[in-house]
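Me: Please take a close look at the helix packing here, with the cut-offs stated. Then carry on through the strands and the backbone details that stand out.

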Amino acid sequence: HRDLKPANIKLRPDGTVKVLDFGLAKAMDPAAASKISASMSPTLSLHATQAGMILGTAAYMSPEQARGKTVDKRADIWAFGAVLFEMLTGQQPFGGETVGDILAAVIRAEPDWHRVPSQMRGLLQRCLDKDRNRRYHCAADLGIAIEEAESQPAPVSVEERPESRWRLALVGATVVAAAAIAGVSTWRLKPASPAGVGAPAELSITLPPGDELAQTEFPFSAQGQLPPLAYSPDGTRIVYVGRRKGVRQLYLRAIDDPNPKPLADTEDARGPFFSPDGQWIGFFAQGKLKKVSISGGPPQALCDAGGPAGGSWGPDDTIVFSPSPTGGLMRIPASGGTPQVVTTLDRANGEDSHRFPQFLPGGKAVLFTAVTGQGWDEFQVFAHVFATGERRPLVRGGHTGRYVPSGHLVYGRAGALLAVPFDLARLEVTGNAPVTIAEGVRVSNLFMSEYSVSDSGSLAYISRPRQFDRHLVWVDRTGHVEPIPLAAHGYDGNAVLSPDGGLAAVSVLSNKDELWLYDAERGTLSRLASEGTSQGPAWTPDGKKLAYLAYRAGFRNIFWRAADGTGGEQQLTEGENQKMPGSWSPDGKMLVYVASDPGTGTDIWTLTMEEDRKPQAFLRTSADEGSPRLSPDGHWLAYRSNETGRYEIYVQSFPVPGRKFQISTDGGESAPLWSLNGGELFYFNGDRAMAVNVATSPTFSKGTPRQLFEAPLLVVGSVSPDGQRFLATQPVELPQPATEIHVLLNWHPEAKK
């Protein structure tokens with residue numbers, strides 16, 4: 001039957017007991033969801049054999065049903081025991097305020113056996129044994145056991161008319177047992193570690209076959225990626241950014257419906273979030289903040305948001321959002337209009353970004369994350385009070401703060417979700433010891449934990465264990481990977497070889513994002529720069545200095561320092577927009593770098609190392625240009641650009657732009673690399689390493705791209721001097737496409753303890 005419950009057991013006027021709804025149980029009508037209590041929630045799935053679904057009603061569901069194991073008639077024995085327990089005691093054996101609470105109790109808790117008449121206790125314990133091998137194996141055996149119990153004297157009870165209730169329960173139970181038959185369910189529940197009553201449970205919602213959750217691989221891609229999911233306030237729906245047949249768009253899925261609904265015209269969507277009533281979804285796409293109704297219809301553009309870093313919809317029907325990963329928060333009516341400034345960066349304390357807002361209940365304040373760098377200690381969660389503009393510091397070393405009604409502030413750090421007690425009225429954290437509530441949570445390349453919360457406090461998140469653990473590796477031209485015998489670290493960018501190949505500079509992510517040097521001869525890794533986040537190193541031609549991007553005083557500019565560790569760092573560029581070094585001219589007199597611009601995206605600039613150090617634009621168009629690399633003779637610049645709508649590799653004359661050559665033919669996503677003799681260009685298109693024969697003298701000429709090898713998730717930073725191998729970083733564990741959304745239930749009692 002697989003959905004045995006009181007609602008499916010009826011009495012005819014003549015006293016005949018009927019068990020109804022055999023076969024597949026029916027899905028809940030969403031319109032009626034709010035009228036039905038959690039304890040009598042309707043059937044939670046349509047398909048009896050499809051993985052990822054709940055089948056059955058929470059309060060009467062067997063543990064194996066909830067865990068998604070193949071079930072047999074012993075699941076009906078469990079449900080029968082739950083019904084009989086309720087008939088005998090007047091209460092359900094497993095209760096809770098929400099479906100999640102009930103499911104957690106089914107898996108972990110024990111009924112209150114003291115309420116059960118002693119003659120029936122053993123019988124019910126065999127029905128409700130969590131080990132199905134210890135339950136009655138069929139209804140016939142159970143019927144015999146009931147008949148034997150019925151022949152025993154009625155127990156003493158504090159209930160009114162105990163014998164009447166006792167006998168009526170047995171008569172009804174005997175008839176129901178005779179009618180019960182087997183069924184199958186395949187909803188999945190990932191069990192937590194054994195615990196007592198009220199322990200958390202984790203549900204896994206599986207996407208349809210062939211679908212996956214959108215993601216951007218760590219380290220950084222050309223565009224920041226926001227968490228691709230949001231949990232509706234009432235906990236009945238999840239919206240996510242899915243990829244199906246190469247197309248990325250929003251999908252809306254009711255928790256109890258295995259068939260997600262694609263939302264039309266939401267291609268390229270990022271960072272969805274719900275309105276307070278759950279009827280609208282805000283999101284970012286095509287450089288805009290948009291909204292779309294859950295019932296469908298064309299999305300509405302609200303304002304520009306070229307590089308968004310999160311949004312939240314308030315109870316006053318306004319939206320607070322971060323339009324850029326290098327600015328403060330803005331606020332706009334949900335109907336559209338002109339955004340107004342909410343927060344300004346505290347440059348004196350090194351802030352360069354405010355991200356990931358969440359309206360607090362009542363709408364009088366908003367949580368957000370202030371960023372001073374990319375290391376774990378370089379984030380801080382604040383509360384901003386709208387009326388006064390006051391800013392309250394809450395958690396240092398955490399990001400993506402979210403309030404839940406259990407009285408906790410949840411935040412992310414190093415791939416984990418932690419919770420601390422939080423006083424909403426006073427906007428204060430009231431406990432110092434955080435509790436870890438989930439680990440292995442995926443983090444976007446904007447350093448935002450990919451999770452969402454409902455108003456009940458349940459959490460939906462995407463899993464990615466060991467996301468930041470990467471090896472430093474050598475890769476030869478056939479694709480053979482040879483790990484360098486060093487401990488895995490959070491390498492967050494390219495490993496760049498010195499001109500003589502003896503050293504490699506790389507950024508290592510930890511409490512701070514620091515610049516380190518790998519000594520190939522000695523096999524050691526040592527810290528070079530630790531002032532704060534330092535990324536994207538570029539060696540001077542003589543190998544004596546390194547230029548790099550650094551987060552300093554609230555801005556992202558280029559600095560340089562001696563490679564031998566003597567002296568401090570010196571600033572090379574100024575301004576509010578981010579700059580990233582590319583490469584040096586062979587004589588070391590000019591640095592080519594990338595600068596971001598709100599109007600034109602990313603552009604290529606040059607900086608002469610003369611006294612005035614005057615920057616000059618080299619390529620500044622409406623397209624995004626980046627990853628500039630000069631040829632060994634200094635006359636040609638290779639770079640990538642998305643001027644055709646996708647990234648390709650190009651070459652132009654240097655230092656004066658001239659004729660342009662397209663090198664790649666079907667996409668080029670990585671930074672191009674020159675061989676030492678200038679006779680080859682290398683680049684990656686997805687996981688494919690490509691090589692192109694080129695000549696730079698007397699004129700430029702190019703051959704046809706050819707594939708060298710295919711290797712997943714390599715981040716190649718340099719070519720060895722002999723051109724026979726590449727220095728790269730690679731994840732310790734290659735991630736699989738994310739096809740599940742995990743839902744964490746009933747974690748609050750454990751956190752409170």
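Reply: The axes of helix α4 (residues 118-127) and helix α5 (residues 139-150) come within 10 Å and cross at roughly 165°. Axes here are lines fitted to C-alpha atoms, for helices over the stretch in contact, and the angles run from 0 to 180 degrees between N-to-C directions. Helices (H or I, at least four residues) and strands (E, at least two) are DSSP runs, numbered from the N terminus. This is a predicted model in which local features need pLDDT of at least 70 and side-chain atom pairs count only at pLDDT 80 or more, while totals for chains, interfaces and linings use all residues. Residues are numbered from 1 along each chain as its sequence is written, and side-chain values use heavy atoms, with hydrogens and water left out.

At that crossing angle, α4 and α5 are therefore roughly antiparallel to each other. The scale is as follows: angles under 35 degrees count as roughly parallel, over 145 as roughly antiparallel, 65 to 115 as roughly perpendicular, and the rest as oblique. The crossing of α4 and α5 is left-handed, a label used if the near helix is turned anticlockwise from the far one by less than a right angle, with clockwise giving right-handed. On the α4 side the contact is made by Q119, M120, L123 and C127, and on the α5 side by L142, A145, I146 and A149; contact means heavy atoms within 4.5 Å. By class, the contact of α4 with α5 has seven nonpolar residues, one polar residue and no charged residues. In this scheme Ala, Val, Leu, Ile, Met, Phe, Trp, Tyr, Cys and Pro count as nonpolar, Asp, Glu, Lys and Arg as charged, and the others, Gly among them, as polar.

The protein has seven helices and 55 strands, so the strand pairings come next. Strands β36, β37, β38 and β39 form an open sheet in that order, with antiparallel pairing; two strands pair if DSSP finds at least two bridges between them. The edge strands, β36 (534-539) and β39 (570-571), each pair on one side only. Within this sheet, strand β37 (residues 545-552) is joined to strand β38 (residues 555-562) by eight bridges, and K545 stands opposite A562 in β38.

Further along the chain, strand β41 (residues 590-597) pairs with strand β42 (residues 601-608) in the antiparallel sense over eight bridges. These two form a hairpin with three residues between them, and D597 stands opposite G601 in β42. β42 also pairs in the antiparallel sense with strand β43 (residues 615-619), over four bridges. Here W605 stands opposite A617 in β43. The hairpin of β42 and β43 has six residues between the strands, and in this hairpin R613 takes a positive phi near 45°.

Two other non-glycine residues with positive phi can be set side by side. Q286 has a phi of about 50° and is found in the loop between β11 (280-285) and β12 (288-293). S627 also has a positive phi of about 50°, but S627 is found in strand β44 (residues 625-630). Q286 is partly exposed, with a relative accessible area of 45%, whereas S627 is buried at 16%. Buried means under 20% relative accessible area, exposed over 50%, and partly exposed in between (1.4 Å probe, protein chains only). Of the 753 residues of the protein, 56% count as buried.

Cis peptide bonds are the next backbone detail. The bond from F654 to P655 is cis, with omega near 10°, and P655 is found in the loop between β46 (648-653) and β47 (660-662). The bond from S697 to P698 is cis as well, with omega near 0°; P698 is found in the loop between β50 (688-695) and β51 (701-702).

A last loop residue is G363, found between β18 (353-359) and β19 (365-371). G363 counts as buried at 12% relative accessibility. Leaving aside neighbours within four places in sequence, G363 is in contact with P315, R331 and F386. The C-alpha atoms of G363 and W313 are separated by 9.4 Å, with the two residues 50 apart along the chain. For the protein as a whole, among contacts between residues at least 6 apart in sequence, 48% join residues at least 24 apart.
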